[in-house]
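Trainee: I have a new model open and I'd like to get my bearings in it. Could we talk through the empty spaces and the ligand together?

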Amino acid sequence: MARKIIVANWKMNLGGKDGILFARALLKELEFHGFMGETCSKKVVLCSPATLLDFLGELLIGTQISLGAQNCGVESYGPFTGEIGASMIKDWGAEYVILGHSERRIHFGESNKEVALKVQQALNVELTPILCVGETLEEKGLGRTEIVIQKQLDEGLGMVDGADIIIAYEPVWAIGTGKIPTLEDIAKIHSMIHDLYPKYPLLYGGSVNERNIADIIHLPHVNGVLVGKVSLNVQSFMSLLKNMEDK
Ligand code: PGA
């Protein structure tokens, strides 16, 4: 059985000395509870701010824990002040990059076209994109959820086909709000995405926590979760991992 994937999205947190202490404490717990073993049924991916990738890249060598970034540039290198190219992220030891997160779409105006360019940049250097899609509350209210998601997928994936990509369904209204869709709705959207793009593993994200994980993780076509807030606390994150076994 394929390993369940748990992606920790630290967002703009834990990017300095606090992140170093946190990562060391987390790794100790992960090791103690058997999440580092090759036979572990879960794959943990830590997506830190870019400032910590170098440090984490070293720290995670020889562990089963993977490293990811939260964004990359649409260009590889050159006069793009403040940007970080996919190859730089790869150099730091990352294997994954979150792309098209709703916070980037909302606060930085990222379009599907831009997301598609970033997906291509990531694939060019063999970084696995974790492409985020999801509807806003307004779109949900208008009954446009499926249309919005299909457009984000079709445009965001562009011409790539069959490449190493992960898709994360994250309803915008569920992120950081404590609200989640019904299990039926999560299953429905996952099955729709699976029908459209059957080759890609699918994650659910948006207010996943220690209490709801056991129900979500066992839904059909849910290959893992993308976790924000709960990944910022060692004990909560460890409880989430342990509670995945509850069913
Ligand atoms: P949350 O964030 O778990 O805090 O809702 C999820 C995400 O933004 O990926």
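Mentor: Let us start with a term: a pocket is an open set of grid points, found over the protein atoms alone, with protein on both sides within 12 Å along at least five of seven lines. Please also keep in mind that this is a predicted model. With that said, about 250 Å³ of space lies in the second largest pocket.

Trainee: Which residues lie nearest the centre of the second largest pocket?

Mentor: Its lining is made up of 19 residues, and those nearest the centre are Gly176, Ser207, Val208, Lys229 and Val230. Sorted by class, that lining has 5 nonpolar, 9 polar and 5 charged residues.

Trainee: And where does the ligand go, in terms of pockets?

Mentor: The ligand takes up the space of the second largest pocket. Around the ligand there are 13 residues, of which Lys11, His101, Glu170, Gly176 and Ser207 come nearest. By class, this shell has 4 nonpolar, 6 polar and 3 charged residues.

Trainee: What does Glu170 do at close range, side chain or backbone?

Mentor: For Glu170 it is the side chain, with a polar atom that lies 2.7 Å from an oxygen atom of the ligand. Gly176 has a backbone N or O atom that lies 2.7 Å from an oxygen atom of the ligand, and a polar backbone atom of Ser207 is 2.8 Å from an oxygen atom of the ligand. As for cover, the ligand has 280 Å² of accessible area on its own, and the protein covers 97% of that area.

Trainee: You listed Lys11 too, so where is that one in the chain?

Mentor: Lys11 is in the loop between strand 1, which spans 4-9, and helix 1, which spans 17-32. Its phi is near 55°, a positive value in a residue other than glycine.

Trainee: Why mention the sign of phi?

Mentor: Because most residues other than glycine have a negative phi. Leu14 is another case to look at, with a positive phi of about 55° although it is not a glycine, and Leu14 too is placed in the loop between strand 1 and helix 1.

Trainee: Back to the pockets, then. How big is the largest pocket in volume?

Mentor: The largest pocket has a volume of about 550 Å³. It is lined by 23 residues, with Pro49, Ala50, Gln70, Asn71 and Arg104 the closest to its centre. Helix 4 gives the most to this lining, with 3 residues, and by class the lining has 10 nonpolar, 9 polar and 4 charged residues.

Trainee: How many cavities of 30 Å³ or more are there?

Mentor: There is 1 cavity of 30 Å³ or more in the structure, and about 40 Å³ of space lies in the largest cavity. Among the residues that line the largest cavity are Gly100, Arg105, Gly134 and Gln152, and Glu170, which you met beside the ligand, is in this lining as well. The elements that give two or more residues to the lining are helix 4, at 102-107, and strand 5, at 128-133.

Trainee: What is the mix of classes in the lining of the largest cavity?

Mentor: The lining of the largest cavity has 3 nonpolar, 4 polar and 2 charged residues.

Notes. Residues numbered from 1 in each chain as written. Predicted model: local features only at pLDDT ≥ 70, side-chain atom pairs only at ≥ 80, totals over all residues. Heavy atoms only, no water. 1 Å grid on protein atoms, 1.4 Å probe; cavity = no way out; pocket = protein on both sides within 12 Å on 5 of 7 lines; lining within 4 Å. Points joined across faces, edges and corners; volume = space filled by probe spheres on them. Helix = DSSP H or I, 4+ residues; strand = E, 2+ residues; numbered from the N terminus. Nonpolar A, V, L, I, M, F, W, Y, C, P; charged D, E, K, R; others polar. Near = heavy atom within 4 Å. Polar contact = N/O pair within 3.5 Å; in protein donor to acceptor, adjacent residues only side chain to side chain. Areas by Shrake-Rupley, 256 points an atom, 1.4 Å probe, with all protein chains shown as cover. Sits in = over half its atoms within 2 Å of the grid points.
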